[in-house]
Amino acid sequence: MNTSIKEQKRKLRQTVKESILNLTVEQRHSYDRELIRHFFKLVHEVFPGNLQNLTILSYMPLPDEPDLTGIMAQLSGSNIVLPVTESDFTLTLRLANQNLIQGRYNISEPPESSPTVSVSEIDLALIPGRAFSRKGKRLGRGKGYYDRFLSEYSGPTIGLCYDEQLFDSVPHESHDKSCHYIITPTQIIHATVA
């Protein structure tokens, strides 16, 4: 019997969740350091020159996602933008220039008083995912926030993940959006976005 795409996605999300839970704190810290190193190597390749002039969409990681705070700390002179999740499953992009507040899903986000940023102002977007394929396909958490954002954004995208989240293929549907680059602790992949 053919398993539906939704069921395949559910199973892969569960597999990834279990794999990440099996990582030790030391492993995750080590992986996060390598992810940061690979991130800056790639960004200097894609954007030669001063990174301070970039407007970068990042995200505050959930407990089972790679820790991006080291990236954001090193980009402190850049315009860092963070998403605010809305009840209609869209993202409002806000400058992260103020103290963050606890938002939906217990994710830290900029307050309403932070200026909004349009999608067209973003130079580079860091995209979370539960799993990625080597060709850039992305499996999210199932709410579609980032697929909606990616349908409007055409600039470079980077998916950051642990090697345990990287697969030869991931189940996807026509509305699922891909990333241009995938970074793991061991590699930088120039994906074929289709």
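These are my notes on the sheet and the salt bridges of a predicted model.

**Entry 1, the sheet.** I looked up the strand order first. Seven strands form an open sheet with mixed pairing, in the order 3-2-1-6-9-11-12. I then checked the edges. Strand 3 (91-95) and strand 12 (188-190) stand there, and each has a single partner strand, so one side of each lacks a neighbour in the sheet. From one strand to the next, the twist averages 25°.

**Entry 2, one strand pair.** I noted that the strands of a sheet pair through backbone hydrogen bonds, in either a parallel or an antiparallel sense. Which sense applies to strand 2 and strand 3? Strand 2 (residues 79-85) pairs with strand 3 in the antiparallel sense, over five bridges. I picked out Val84, whose bridge partner in strand 3 is Thr92.

**Entry 3, a helix on the sheet.** I followed helix 2 (residues 25-46), which packs on the sheet. Helix 2 touches strand 6 (124-127), strand 9 (157-160), strand 11 (181-183) and strand 12. I also looked up its direction, which makes about 150° with that of strand 11.

**Entry 4, salt bridges.** How many salt bridges does a search of the whole structure find? The search finds nine, and I wrote down some of them.

I began in helix 2, where Glu34 forms a salt bridge with Arg37 and the closest N and O atoms are 2.8 Å apart. Both residues lie in that helix, three residues apart, which is about one turn of the helix. Glu34 has a relative accessible area of 28%, so I list Glu34 as partly exposed. Arg37 also counts as partly exposed, because its relative accessibility is 47%.

Next I took Asp64 and Arg141, whose side chains meet in a salt bridge at 2.6 Å, N to O. This pair links distant parts of the chain, 77 residues apart. Asp64 is in the loop between strand 1 (55-57) and helix 3 (69-74), while Arg141 is in the loop between strand 8 (138-139) and helix 4 (145-152). Arg141 is partly exposed, at 40% relative accessibility.

**Entry 5, a further pair and a network.** I looked up Arg138, which forms a salt bridge with Asp147; their closest N and O atoms are 3.5 Å apart. Are these two residues buried or exposed? Arg138 has a relative accessible area of 7%, so Arg138 is buried. Asp147 is buried as well, with a relative accessible area of 12%.

Last, I checked for shared partners. Salt bridges that share partners join Asp64, Glu65, Arg130 and Arg141 into one network.

Terms used: Residues are numbered from 1 along each chain as its sequence is written. This is a predicted model: local features need pLDDT of at least 70, side-chain atom pairs count only at pLDDT 80 or more; totals for chains, interfaces and linings use all residues. Side-chain values use heavy atoms; hydrogens and water are left out. Two strands pair if DSSP finds at least two bridges between them. Helices (H or I, at least four residues) and strands (E, at least two) are DSSP runs, numbered from the N terminus. Axes are lines fitted to C-alpha atoms, for helices over the stretch in contact, and angles run from 0 to 180 degrees between N-to-C directions. Contact means heavy atoms within 4.5 Å. Buried means under 20% relative accessible area, exposed over 50%, partly exposed in between (1.4 Å probe, protein chains only).
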